[in-house]
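Let's take a walk through this model together. Have the coordinates open in your viewer, and we will go from one site to the next.

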Amino acid sequence: MSEFRLTQISDTHLGRRFAGLVANFHCISEHIDATRPDLVVNSGDVSFDGPTSRDDVEFAKSLHDALPVQCRHLPGNHDIGDNPTAVGPAPASPVSEAHRQQFRAVLGEDHWQFEAAGWCFIGLNSLVMNSGLAFETEQFDWLTSQLAGAKGKPVALFLHKPLFLNLPDDPELTETSFRYVPQPARQRLAQMLGEIDLRLVAGGHVHQRRDFTFRHTRHVWAPSAGFVISDQRQQRIGIKEVGLVEYRFQPDSLEVRHVRPPGLVDIDLDEIQAQMAAD
Ligand SMILES: [Fe+2]
Ligand SMILES: [Fe+2]
């Protein structure tokens, strides 16, 4: 295959009680049906609240199964719980092996590798990083062998949390340490990635659209396909609008398009929380 078209969706936060988020997913589905990429990757926060509601994960799975295209998923903090960080408070819902196993049972593998159009694609579970769970070490060992197997091919990495804000060694701040891959796991990951031809890091989690290049690696933050977070709640870094990202990979080349399919609505998190309070 000389060209591989991949559509990244992220932060769908699906649960059957959230009609607005489901309606946005249907707009996304129609766009995917019309464009028929080779693969859809959901880069996490697939479900509204996996740790307390297996039904959210199963409902999300049913909507992805209805897509006319193969899907791969990665876990987000709302699917399997969050990472502990060195500087921030302990997460209210910490990542656990039981939540990870639920994700795998319903949505499939939480880390994966495949090759297409001369590229090596790797998906990582970013929530186990810095967790101390046995799978954290297991995944790093797995990654070491996958990177060795890439044998100089360009690598595209997908994970829920962006690696960093602007620079790999940005200091961790208490208020934002939950936003990026936490230290010291980030440094270990950066060292491993520094030894290969890393061309793309595609994440989500922040619910803001952003696209920048650091050295020869393009960092893409997919927006949420479901909702935005107001400036009162969250610093504005990129663009706050819902949408998806389309990639076109060819041997040694990459195109990125940020797309806002027709009909999508910029639902605000405040509206969702007001609905939850009223339910
Ligand atoms: Fe999210
Ligand atoms: Fe997230």
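A good place to begin is the iron ion (ligand 2), whose 4 donor atoms subtend angles of 89 to 159 degrees, and that makes the arrangement irregular. Keep in mind as we go that this is a predicted model. For comparison, the ideal angle for four tetrahedral donors is 109.5 degrees. Four donors count as tetrahedral only if all angles lie between 85 and 135 degrees, so the upper end of the range here, 159 degrees, rules that label out.

Which residues supply these donors? They are Asp-45 (OD), Asn-77 (OD1), His-160 (NE2) and His-205 (ND1), at 2.1 to 2.2 Å from the iron ion (ligand 2). Along the chain, they follow the spacing D-x31-N-x82-H-x44-H. Two of these residues show how the site links distant parts of the chain: His-160 sits in the loop between strand 6 (155-158) and helix 6, while His-205 sits in the loop between strand 7 (198-203) and strand 8, 45 residues apart. Both His-160 and His-205 are buried.

Now follow Asp-45 across to the other metal. This residue coordinates both iron ions, ligand 1 and ligand 2, which are 3.5 Å apart. Around the iron ion (ligand 1) you will find Asp-11 (OD), His-13 (NE2), Asp-45 (OD) and His-207 (NE2), at 2.0 to 2.3 Å. This site is irregular too, with angles of 87 to 176 degrees among its 4 donor atoms. The donor spacing in sequence is D-x1-H-x31-D-x161-H. Here again distant parts of the chain are linked, with Asp-11 in the loop between strand 1 (4-9) and helix 1 (19-35), and Asp-45 in the loop between strand 2 (39-42) and helix 2 (54-65), 34 residues apart. Asp-11 and Asp-45 are both buried.

From the metals, move on to strand 8 (residues 210-214). In a regular strand the side chains alternate between the two faces of the sheet. Strand 8 has a covered face made up of Arg-210, Phe-212 and Phe-214, and an uncovered one with Asp-211 and Thr-213. Its antiparallel partner is strand 9 (residues 217-221), paired over 5 bridges, and Trp-221 in strand 9 is the bridge partner of Arg-210. The two strands form a hairpin with 2 residues between them, and Arg-215 in the turn has a positive phi of about 55 degrees.

Finally, look at helix 5 (residues 134-149) and helix 6 (residues 185-193), which pack at an angle of about 10 degrees with their axes 11 Å apart. The two helices are therefore roughly parallel to each other, and their crossing is right-handed.

Technical notes: Residues are numbered from 1 along each chain as its sequence is written. Chains are lettered from A and ligands numbered from 1 in the order in which they are written. This is a predicted model: local features need pLDDT of at least 70, side-chain atom pairs count only at pLDDT 80 or more; totals for chains, interfaces and linings use all residues. Side-chain values use heavy atoms; hydrogens and water are left out. Donors are N, O and S atoms within 2.8 Å of the metal (3.2 Å for Na, K and Ca); water is not among the atoms, so sites may look incomplete. Four donors count as tetrahedral if all angles lie between 85 and 135 degrees; four count as square planar and six as octahedral if opposite donors are over 155 degrees apart and all others between 65 and 115; anything else is irregular. Helices (H or I, at least four residues) and strands (E, at least two) are DSSP runs, numbered from the N terminus. Buried means under 20% relative accessible area, exposed over 50%, partly exposed in between (1.4 Å probe, protein chains only). Two strands pair if DSSP finds at least two bridges between them. Axes are lines fitted to C-alpha atoms, for helices over the stretch in contact, and angles run from 0 to 180 degrees between N-to-C directions. Angles under 35 degrees count as roughly parallel, over 145 as roughly antiparallel, 65 to 115 as roughly perpendicular and the rest as oblique. A crossing is left-handed if the near helix is turned anticlockwise from the far one by less than a right angle, and right-handed if clockwise.
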